Amino acid sequence: MAEHYKMLSDKSRLTILACLKEREMCVCDLVEILQSTQPNVSQHLRKLKAAGLVTETRKGQWVYYALNVSDKPCLEETLNYLPSFKEKVLQVKGIC
């Protein structure tokens, strides 16, 4: 449990999780929202995946990430306190 909460201690990872609460997304969408670099976002996603908080699905040449906390009710409840990123997620151009 401590390792899962450690993943929530970073603002970028929290933002990624808040975005993934809205829908699955690819790295390029998250790069646009976070205003960060692709390697930086990929590194955060790698850590979240290793912790079991996100899953990835390959669709053609793109990899999409989705939230995976349904089996972690404590974290799911914690993520409910995050502000909504629905508007930002809807504004993403989907350049992938």
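Residues are classed as buried when their relative accessible area is under 20%, as exposed when it is over 50%, and as partly exposed in between. By this criterion, glutamate 24 is partly exposed in the predicted model, because its relative accessible area is 29%. The partner of glutamate 24 in a salt bridge is lysine 59, with the closest N and O atoms 2.4 Å apart. This pair joins distant parts of the chain, since lysine 59 belongs to strand β2 whereas glutamate 24 lies in the loop between α2 and β1 (25-26), 35 residues apart. Lysine 59 is likewise partly exposed, at 41% relative accessibility.

A search of the whole structure finds 3 salt bridges. Side chains of opposite charge can pair when their charged atoms come close. Besides the pair formed by lysine 59 and glutamate 24, lysine 49 forms a salt bridge with glutamate 56, in which the closest N and O atoms are 3.1 Å apart. Lysine 49 counts as partly exposed, with a relative accessibility of 38%, and glutamate 56 is also partly exposed, at 38%. In a further salt bridge, the side chains of lysine 72 and aspartate 71 meet at 2.8 Å, N to O.

The two members of this last pair differ in exposure: aspartate 71 is exposed, with a relative accessible area of 54%, whereas lysine 72 is buried, because its value of 13% falls under the 20% limit. Lysine 72 is located in the loop between β3 and α5. Its side chain also reaches the backbone oxygen of glycine 52 at 3.0 Å. When neighbours within four places in sequence are left aside, lysine 72 is in contact with His4, Ala51, Gly52 and Leu53. Glycine 52 itself follows just after α4 and takes a positive phi of about 80°.

Helix α4 comprises residues 38-50. At 1.5 Å a residue, its 13 residues should span 18 Å, and the end C-alpha atoms are 18 Å apart, which agrees with the expected value. The N-terminal end of α4 is capped by threonine 37, a side-chain oxygen of which lies 3.2 Å from the backbone nitrogen of asparagine 40.

The buried residues of α4 are Val41, His44, Leu45 and Leu48. Viewed down the helix axis, these buried residues fall within an arc of 100°, so they line one face of α4. An α-helix has 3.6 residues a turn, so residues three or four places apart point the same way. The face turned away from the buried side of α4 carries the exposed residues Pro39 and Ala50. Elements covering the buried residues of α4 include α1 (2-7), α2 (11-22), α3 (27-34), β2 (54-59) and β3 (62-67).

One of the buried residues of α4, Val41, also belongs to the largest nonpolar core, which has 27 residues. Together with Ile16 and Met25, Val41 is among the residues with the most contacts inside this core. Two or more residues are given to the core by each of α2, α3, α4, β3 and α5 (73-79). Residues up to four places away in sequence not being counted, methionine 25 touches Cys19, Leu20, Leu30, Ile33, Val63, Tyr64, Tyr65, Val89 and Val92.

Note on methods:
Residues are numbered from 1 along each chain as its sequence is written. This is a predicted model: local features need pLDDT of at least 70, side-chain atom pairs count only at pLDDT 80 or more; totals for chains, interfaces and linings use all residues. Side-chain values use heavy atoms; hydrogens and water are left out. Helices (H or I, at least four residues) and strands (E, at least two) are DSSP runs, numbered from the N terminus. The expected span of a helix is 1.5 Å times one less than its number of residues. Buried means under 20% relative accessible area, exposed over 50%, partly exposed in between (1.4 Å probe, protein chains only). The arc is that of the directions from the helix axis to the C-beta atoms. Contact means heavy atoms within 4.5 Å. A polar contact is a pair of N or O atoms within 3.5 Å; within protein, one must be able to donate a hydrogen and the other to accept it, and residues adjacent in sequence count only if both atoms are side-chain atoms. A nonpolar core is a set of buried Ala, Val, Leu, Ile, Met, Phe, Trp, Tyr and Cys residues joined through side-chain atoms within 4.5 Å. A salt bridge is a side-chain nitrogen of Lys or Arg within 4 Å of a carboxyl oxygen of Asp or Glu.
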